[in-house]
Amino acid sequence: CGEPVIMPVVALGLWKVPADAAFSAVTSALDGGYRHLDCAPVYRNQAIVGAAITAYLTEHAETLSRRDLFITSKVFPSPTNMHDNFENDVRNTLRELDLKYLDLCLIHWPFEYEESSLEDMWMAMEDLVKNGLVKAIGVSNFSSTKLKRILEIAEIPVSVNQVEMHAMFRQEALVNFCNNNGVHVTAYGPLGSGDQWASDGLGRKCAAEERLLSHPETLRVAKSAGCTPAQALIAWIVHHRMCSCAPKSVNPSRQAENIAAGSRDFVNNNKILGLLSTLDKVEPQVRLQHGAFHTGPPESGKCFRTLEELWDEDVSYMLDRDFERPEGFMLRPSQ
């Protein structure tokens, strides 16, 4: 089975980090004490991330080694990347990152096909551990319904479910399910992924008019605790919800603030711990990483017909919200 590993609770999220910024972002993060990097082939920056890791370990060989780092990456199921290709996928990732193994590998999305079921994928993930390519395995964007299917057949434990989770989308039921089944939850988009909606970012439509970093409850907690809004949100995830998170930043000072919020010293020396439950009251609750682009009619080749089918939940919270809808989009079958 997979060997026990210790995962740092705050990772540097590398989604949306441009390739030309990835080297300096990784270097400044490692300088600032980060030891966990959250990668994926679809982020299109792994080769640069790998170059930064290699350069840093070479320069700091006397004080830091590969085993001091925790590197996460993912496999992305698709019609051209079935479960029987996962080993090749991971070997390509290892070449890009210039590593001999991953500490954690996740199934990026719960896409399944006639030739490749979720159960087939998990058995292929277990082979990655048995072949010494990865130390631990898990999933990402899995509902409790889909995760339960894996738990029923898993020989090697599901270590992590990495999902969108933040104060504006608390995911109480899913987090409770994972906790009750020994699956650790890592939150992506813990600060609300504001750069996605910015005109100088991805310029996408946001499903919520409110912004998490400037939400009145976030600002109230941050002001009372004497910390930044980002630190309040990260502390809520790590110290109140007892989850880990992967905030993205290429700014060294913000990186430092983010990782500091995950430390025990931050809450031991700060009155914030008694204030964090305030963020349990943030409204609205809405999925920002809605995944609509992974749905479509049968002729689209997408795995899921509706958003409800993708997430296995009541998606009425998305009604009347403005977000990108691919051609033929349906929120739920009764629409």
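## Exercises on rings, strands and a helix face

F111 counts as buried, at 5% relative accessibility. The model is predicted, and every exercise below works from it.

**Exercise 1.** Classify the ring pair of W109 and F111.

*Solution.*
- Start with the total: the structure holds 6 aromatic pairs.
- Take the geometry of W109 and F111: the ring centres are 5.8 Å apart and the planes meet at 10 degrees.
- Apply the cut-offs: centres must lie within 6.5 Å, and planes under 30 degrees apart count as stacked.
- The W109 and F111 pair is therefore stacked.
- Check burial. W109 has a relative accessible area of 7%, which means that W109 is buried, because the limit is under 20%. F111, at 5%, is buried too.
- Widen the view: ring pairs join F76, W109, F111, F304 and W311 into a cluster.

**Exercise 2.** Classify the pair of F169 and Y317, and find where each residue lies in the chain.

*Solution.*
- F169 and Y317 have ring centres 5.6 Å apart, with 50 degrees between the planes.
- That angle is neither under 30 degrees nor over 60, so the pair counts as tilted.
- Locate F169: the loop between strand 6 (160-164) and helix 6 (172-180).
- Locate Y317: the segment after helix 12 (307-311).
- The two residues are 148 residues apart, and their pair links distant parts of the chain.
- F169 and Y317 are both buried.

**Exercise 3.** Which charged residues lie over the rings of Y101 and F323?

*Solution.*
- For Y101, the residue is K135, over the ring face at 4.7 Å from the centre.
- For F323, the residue is R325. Its charged end sits over the ring, 4.0 Å from the centre.

**Exercise 4.** Place strand 4 (residues 102-107) among its neighbours, and decide whether it is enclosed or open.

*Solution.*
- Count burial: 6 of the 6 residues of strand 4 are buried, so the strand is largely enclosed by the rest of the structure.
- Take strand 3 (residues 70-75). It pairs with strand 4 in the parallel sense over 4 bridges. S73 has C105 of strand 4 as its bridge partner.
- Trace the connection: strand 3, helix 3 (residues 86-97) and strand 4 form a right-handed β-α-β unit.
- Take strand 5 (residues 134-140). Strand 4 pairs with strand 5 over 5 bridges, again parallel. L102 stands opposite V134.
- Trace this connection as well: from strand 4 the chain passes through helix 4 (residues 118-130) to strand 5, a right-handed β-α-β crossover.
- Add one more facing residue: I107 stands opposite V139 in strand 5.

**Exercise 5.** Give the strand order of the sheet and name its edges.

*Solution.*
- The sheet is open, has 8 strands and runs 1-2-3-4-5-6-7-8, with parallel pairing.
- Strand 1 and strand 8 (244-245) each have a single partner strand, so one side of each has no neighbour in the sheet. These two stand at the edges.

**Exercise 6.** Where do the buried residues of helix 10 (residues 252-261) fall around its axis?

*Solution.*
- List them: Q255, N258, I259 and A261 are buried.
- Look down the axis of helix 10. The buried residues fall within an arc of 155 degrees, so they line one face.
- Identify the cover. It includes strand 1 (12-13), helix 1 (19-31), helix 9 (229-240) and helix 11 (264-268).

Terms used. Residues are numbered from 1 along each chain as its sequence is written. This is a predicted model: local features need pLDDT of at least 70, side-chain atom pairs count only at pLDDT 80 or more; totals for chains, interfaces and linings use all residues. Side-chain values use heavy atoms; hydrogens and water are left out. Buried means under 20% relative accessible area, exposed over 50%, partly exposed in between (1.4 Å probe, protein chains only). A charge sits over a ring if NZ of Lys or CZ of Arg is within 6 Å of the ring centre and within 35 degrees of the ring normal. Two strands pair if DSSP finds at least two bridges between them. A crossover is right-handed if, with the strands pointing away from the viewer, the path from the first strand over the helix to the second runs clockwise. The arc is that of the directions from the helix axis to the C-beta atoms. Contact means heavy atoms within 4.5 Å.
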